[in-house]
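Welcome! Let us take a walk through the structure shown here, one part at a time. Keep the 3D view open as you read.

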Amino acid sequence: MIFSRLYSVRKVFLVSLIGILISLCLNPHVASAAIGCTLTNPAQDLRFVFPDMTSYKEDVVTFSSLANGEYQFKELESRIGRETDPVFDRIDTPYTVYSIFRGAEKIGIVHGVNIPGKGGVIQLFLSVDPSTRGIRQIFFQRLESPASKLFRDKPFRIQFEGLSLADWYMHDYYREKDPSNSRHKIAQIHPPKDLSEESLIDYYAIMQGVRKNLVILDLLLFQRASDQYFLRAQERLNEPTGVRPKEGS
Amino acid sequence: MDFHRHILAFATLAGKNLLRRVVRTSLAVTGVALAVAVAVSLAGFVKGYHGAITRSIDMLGFQVMVMAKGCPYEAATMMLKGGTGLLYLPDSIYTNVATDTGVASITPVFIGVAEKEQTSIQDDGAGSFIVVSGIEVPSFTTMKPWLSFQTGTGFDGGRWFTTDTEVTKEAPENIKQEVVLGYEVAEYEQRKVGDTIALTITPSGAVSSETHEYTVAGILSRTGTQDDGTVFMPLSSAQRIFNRPSQITVVGVKLKEFSSQAIRQFEERWISLPEVQIVGLQQVKSTLLNLISTAQAMIGAVAVIAIVVAIIGVINTILMSIHERTGEIGIMKAIGASRSDIFELIWYETLALCLLGGLAGIIVAYGGSGIIEFMLRHLIELGVQGEIVVISPGIIGLSLGGTVLVGFFAGLYPAWRASSMRPLEAIRAGE
């Protein structure tokens, strides 16, 4: 009898304690400093990209939330070919991945990244085919550049359609740029006509942004499906210059 | 010692009685908890919002603002949010007001709006804007001594832009196009010290906009005010790019003596100028507080009704409990329990209900304050920054004390009714 009463008291105490802890956790006064890249109006924007969509799902992923987050973050740096920005590209930067559905079928993925442009941030979104992992379309949400219109115009954006991360890794492989080589697709991308010299910075930022966007998707979503191309390119880059295979071989 | 033991024995008995009807007791406690949660949240909002308004106004640095005539509400919004649709004054007003003997410090400010590119992936996306302030650094920083530069990776080496005096010495082609960014602008545009930032401005009288590029000379630390969302540049640069030479938007003033009387006297001295209005901070503060007082009164009335309903619920619960235990109370009295013993017992039961409800309500209000703040900020444009729901230890103590007081009075009638029962009649009625 005494034991059962003690048990009840303990149960009440535990339940109260859990209640207090939950209520304290619900008090969200602490905000993350890292800034992600999300669509301003997801429902309308995604319908603009996928007119036949019926629903979408939003997942927020950070490298810090992964089991081997720090290692993966280092891998990100090696795959984008440069160090990440220590202020704005951090291990706790949230990446929002939108999965688009038509009925039960997943018809697309949309993901955006921030890239510092010359006059301000560039928010670059890719819509990606989930089966081929190739780019369907690229979009700019924010693009503060005198050449903003040129970059937003279809003739520039259309050059990226169908490209995948493998093409970027192959771009590293074919270090000598040769636009006549049809397998070297990245070398065939051109800046918009009439682009001023000073806006080239934004062009290179966009090129880096597309690669970074695809690398993040590959690491966070596609289980490194394009890694074979990356490893091949690395092997070649480490070879002495004289023994490099001929382009296109 | 005996007294403590006596209280403990009665409290234990009261607790056991309440646990005999767990569902009923829980419902009564929930009623009290909800009422207390509403009251505590409201008190936290009133305290937090008043504090936020006071902080926002204090952080402006100006005690009085001289600005072009217009709606006082627009003036209040402009002071707190750096609003748009601005009116301008000739800068001779600044020179004149600076001669006032009551002025401790004074600074001219030019406010303009830079357009930003569209913020949508769709072709017809709307653009946004950034507030640009043209300032004179020495007088502006005298007004706002807390402004400091952000340090750390990407921010080190921050400084104010080249001052107006230095600019005028240079040939126009050598003028350094520099700006200082507020913390949020830097974060939003992902700019670091030494980066460039593009500002698109439509000069006064022009039909098309011009894009200017500036080097970021420094990034300010977060202040929690409208300064975080502002791009600062030299006053003369702002006047030049907006094509408003010799014009300013606001003259910020700090008086030697800050009192209603001093502000009134200052106003009387300068209100005769045809194009200006004098806006004192007290005036802005009261304007903003008046705007929310009606809403607060309505929510307060809801809280009072909730408390009254909860008290009725508690009294009803205890009366039902007494009714069920009529025979038991009769037996207790028959075997020696005094009238005061019964009174005390029932009273403790009421107090326990109210105290439990009060504690639960406070926990719910404290835990939910972040959610309430989040919802308020997303539903209403409050015009202030910083915490707007502040549940302080004082509010918690007052609520708990209030709950005990309510329990004290709510328990009087049921306790009196139970203690007034005659033993034999009660035993018979309970059979």
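**A walk through two chains**

Of the 249 residues of chain A, 33% count as buried. Before we go further, please keep in mind that this is a predicted model. Chain A holds eight helices and five strands. If you follow chain A from its N terminus, the elements come in the order α-α-β-α-β-β-β-β-α-α-α-α-α. You can also ask how far apart in sequence the contacting residues lie: among contacts in chain A between residues at least 6 apart in sequence, 64% join residues at least 24 apart.

Now turn to the strands of chain A. How are the five strands arranged? They form an open sheet in the order β1-β2-β3-β4-β5, with antiparallel pairing. At the edges of this sheet stand β1 (55-61) and β5 of chain A. Each of these two has a single partner strand, so one side of each is left without a neighbour in the sheet. On average, neighbouring strands of the sheet are turned by 20° against each other, direction ignored.

Let us cross the sheet strand by strand, beginning at the β1 edge. β1(A) pairs with β2(A), which covers residues 95-102, in the antiparallel sense over seven bridges. To find this pairing in the view, look for A:Tyr56, which stands opposite A:Ile100 in β2(A). A:Ile100 is a handy signpost for the next step too, as its bridge partner in β3(A) is A:Gly108. Between β2(A) and β3(A) there are six bridges, and the two strands run antiparallel. They form a hairpin with two residues between them, and in its turn A:Gly103 has a positive phi of about 65°.

With β3(A) we reach the middle of the strand order β1-β2-β3-β4-β5. Why is β3(A) described as largely enclosed by the rest of the structure? Nine of its 12 residues are buried, and therefore this description fits β3(A). On to the next neighbour: β3(A) and β4(A) run antiparallel and are joined by eight bridges. One place to see this is A:Asn114, whose bridge partner in β4(A) is A:Gln123. The link between β3(A) and β4(A) is a hairpin of four residues.

Next, look at where the two chains meet. How many residues of chain A are in contact with chain B? There are 32 of them, in contact with 25 residues of chain B. On the side of chain A that touches chain B, the elements giving two or more residues are α1 (2-25), α2 (42-49), β3 (105-116), β4 (121-128) and β5 (135-143). The largest share, five residues, comes from β5(A). You have already met β5 of chain A as an edge strand of the sheet. By kind, the residues on this side of chain A divide into 17 nonpolar, 11 polar and four charged.

We can now step over to chain B. Of the 431 residues of chain B, 41% count as buried. Chain B has 15 helices and 11 strands. Among contacts in chain B between residues at least 6 apart in sequence, 81% join residues at least 24 apart.

A good strand to visit here is β1(B), which spans residues 64-68. Four of its five residues are buried, so β1(B) is largely enclosed by the rest of the structure. Which strands pair with β1(B)? One is β10(B), residues 250-255, which runs antiparallel to β1(B) and is joined to it by four bridges. There, B:Met67 has B:Val250 as its bridge partner. Another is β11(B), residues 276-280, paired with β1(B) in the antiparallel sense over five bridges. In that pairing, B:Val66 has B:Ile278 as its bridge partner.

Our last stop is helix α13 of chain B, residues 393-410. This helix has 18 residues and reaches 25 Å from its first C-alpha to its last, close to the 26 Å expected at 1.5 Å a residue. Which residues of α13(B) are buried? They are B:Ile395, B:Ser399, B:Thr403, B:Val406, B:Gly407 and B:Ala410. Seen down the axis of α13(B), these buried residues fall within an arc of 110°, so they line one face of the helix. The face turned away from the buried side of α13(B) carries exposed residues, including B:Pro393, B:Gly397, B:Leu405 and B:Phe409.

Notes
Residues are numbered from 1 along each chain as its sequence is written. Chains are lettered from A and ligands numbered from 1 in the order in which they are written. This is a predicted model: local features need pLDDT of at least 70, side-chain atom pairs count only at pLDDT 80 or more; totals for chains, interfaces and linings use all residues. Two residues are in contact if their C-beta atoms, placed from the backbone, lie within 7 Å. Ala, Val, Leu, Ile, Met, Phe, Trp, Tyr, Cys and Pro count as nonpolar, Asp, Glu, Lys and Arg as charged, and the others, Gly among them, as polar. The expected span of a helix is 1.5 Å times one less than its number of residues. A residue is buried if 20 or more other C-beta atoms lie within 10 Å of its own, exposed if 12 or fewer, and partly exposed in between; C-beta atoms are placed from the backbone. The arc is that of the directions from the helix axis to the C-beta atoms. Two strands pair if DSSP finds at least two bridges between them. Axes are lines fitted to C-alpha atoms, for helices over the stretch in contact, and angles run from 0 to 180 degrees between N-to-C directions.
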